[in-house]
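Work through the exercises below with the sequence and the coordinates open. Try each task before you read its solution.

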Amino acid sequence: MSPSSRFSRLATSALAFLRRHDWLAFLLQQVLVFALAVVLLQGARLLTGKSIHGGKDMMGPVEFVAMLVLFSAMIGASVWVYRKVAGPEAPALGLVPGVRGLGHYLLGLTLGLVAAGWPQFVSLATGQMQVTETLFSRFEATGILGMLALGTVTLTANSIVEEATSRAVPFQLFRHRALLFRVLVPALLFAALHLADEPFRPGAFYSRTIAGIVFGLAYLLTRDIWFASGLHTGTNQAVLLASGKWHMGALFLASGERFGSAWADSVSWTLLALGLGWMLLRRHGPARASREERVAGGVQAVAGV
């Protein structure tokens, strides 16, 4: 037997094994995404001495290109794993944009900004927080436009990538499993991955898990990534709004104590999860939610990813 034939038989056996064990396919996809992130982020740091993870440093041209390459590679690797494991007839992932997707995105953006930003707005209105500097006082007109454009592209692209890799692919790989499994497992991993660069805090872990559940329910409701991506972008925008990280979409820098810092996020995400979960069950019913979503996904597959 030639080496190429041996490799072909091995690859076929491996794919058959992954199709029987979808959780291993999910782990493979997540490991690929993590490895790509480590390699490209470390490469950018070695070339420029800057860290673009979490917006720690201002991006230059090299870091910006590295970010776009990283995001493209993460989506490409995830779609490749999904197509290989699920086969050519697998349901579409809901990545293709359009007018419907734009509407979903804008709705999610508004909802995410309000849900995550209301404690900050209350703090500013009551004087618990005070604005010390604004984007408009710090930069000239061209600088303002540049920062707004950079922040918008960065936050939007980051959210699209995370929803494609952490929601769309896992949800479709797990499409034959129970709804609770599909929603909870990716959400727990989403929260656990944040422990790579910060200590474990029960409140923060709970909030991120519930946020992952909310994004997952949003994906199931619309059968595309755009509503969830809007929610994700709006949330990140609210968090960064008063941070002074101009290149990440901040509009001002504020000092003081944020209202409800110990409980507001958990309450907001829990209410959102309950609301979206109620909408999903009301639309499909507990026994039909997973089945109808899979059938519709199969119909959409003719249009691509």
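**Exercise 1. Find the partner of Asp 265 and classify both residues by exposure.**

Step 1. The side chain of Asp 265 meets that of Arg 258 in a salt bridge, 2.8 Å from N to O. The criterion is a side-chain nitrogen of Lys or Arg within 4 Å of a carboxyl oxygen of Asp or Glu.

Step 2. Next comes exposure. Buried means under 20% relative accessible area, exposed means over 50%, and partly exposed lies in between (1.4 Å probe, protein chains only).

Step 3. Asp 265 has a relative accessible area of 27%, so Asp 265 is partly exposed. Arg 258 is partly exposed as well, at 21%.

A note on the source: this is a predicted model, in which local features need pLDDT of at least 70 and side-chain atom pairs count only at pLDDT 80 or more, while totals for chains, interfaces and linings use all residues. Residues are numbered from 1 along each chain as its sequence is written, and side-chain values use heavy atoms, with hydrogens and water left out.

**Exercise 2. Count the salt bridges, then examine the pairs Glu 133 with Arg 138 and Glu 163 with Arg 167.**

Step 1. The count comes to five salt bridges.

Step 2. Glu 133 and Arg 138 meet through their side chains at 3.1 Å, N to O. Glu 133 is partly exposed, at 23% relative accessible area. Arg 138 is partly exposed too, at 46%.

Step 3. The side chains of Glu 163 and Arg 167 form a salt bridge at 2.8 Å, N to O. Both residues, Glu 163 and Arg 167, are buried.

Step 4. Now place this pair in sequence. Glu 163 and Arg 167 are four residues apart in helix H6 (residues 141-173), so about one helical turn separates them.

**Exercise 3. List the secondary structure and give the chain-wide totals.**

Step 1. The protein has eleven helices and two strands. Both are DSSP runs numbered from the N terminus: helices are H or I with at least four residues, strands E with at least two.

Step 2. From the N terminus on, the order is α-α-α-α-β-α-α-α-α-α-β-α-α.

Step 3. Of the 305 residues, 44% count as buried.

Step 4. Take contacts between residues at least 6 apart in sequence: 76% of them join residues at least 24 apart. Contact means heavy atoms within 4.5 Å.

**Exercise 4. Describe how H8 packs on H10.**

Step 1. Two packed helices are described by the angle between their axes and the distance between the axes.

Step 2. Helix H8 (residues 202-222) and helix H10 (residues 264-284) pack at about 25 degrees, with axes 9 Å apart. Axes are lines fitted to C-alpha atoms, for helices over the stretch in contact, and angles run from 0 to 180 degrees between N-to-C directions.

Step 3. H8 and H10 are therefore roughly parallel. That class covers angles under 35 degrees; over 145 is roughly antiparallel, 65 to 115 roughly perpendicular, and the rest oblique.

Step 4. The crossing of H8 and H10 is left-handed. Left-handed means that the near helix is turned anticlockwise from the far one by less than a right angle; clockwise gives right-handed.

Step 5. Residues of H8 in the contact include Tyr 206, Ile 210, Val 214 and Leu 217; those of H10 include Asp 265, Trp 269, Leu 276 and Leu 280.

Step 6. The contact of H8 with H10 has 16 nonpolar, five polar and two charged residues. Ala, Val, Leu, Ile, Met, Phe, Trp, Tyr, Cys and Pro count as nonpolar, Asp, Glu, Lys and Arg as charged, and the others, Gly among them, as polar.

Step 7. Leu 280 sits in H10 and is buried, at 3% relative accessibility. Leu 280 and Leu 217 are 63 residues apart in sequence, with 7.4 Å between their C-alpha atoms.

**Exercise 5. Repeat the analysis for H4 and H9.**

Step 1. Helix H4 (residues 99-126) and helix H9 (residues 226-240) pack at about 30 degrees, with axes 6 Å apart. That makes H4 roughly parallel to H9.

Step 2. H4 and H9 cross in the right-handed sense.

Step 3. Among the contact residues are Gly 101, Gly 108, Gly 112 and Gly 117 of H4, and Gly 230 and Gly 234 of H9.

Step 4. The contact of H4 with H9 divides into ten nonpolar, twelve polar and no charged residues.

**Exercise 6. Locate Arg 223 and state its backbone peculiarity.**

Step 1. Arg 223 lies in the loop between H8 and H9.

Step 2. Its phi is near 60 degrees, a positive value in a residue other than glycine.

Step 3. Arg 223 is buried, with a relative accessible area of 19%.
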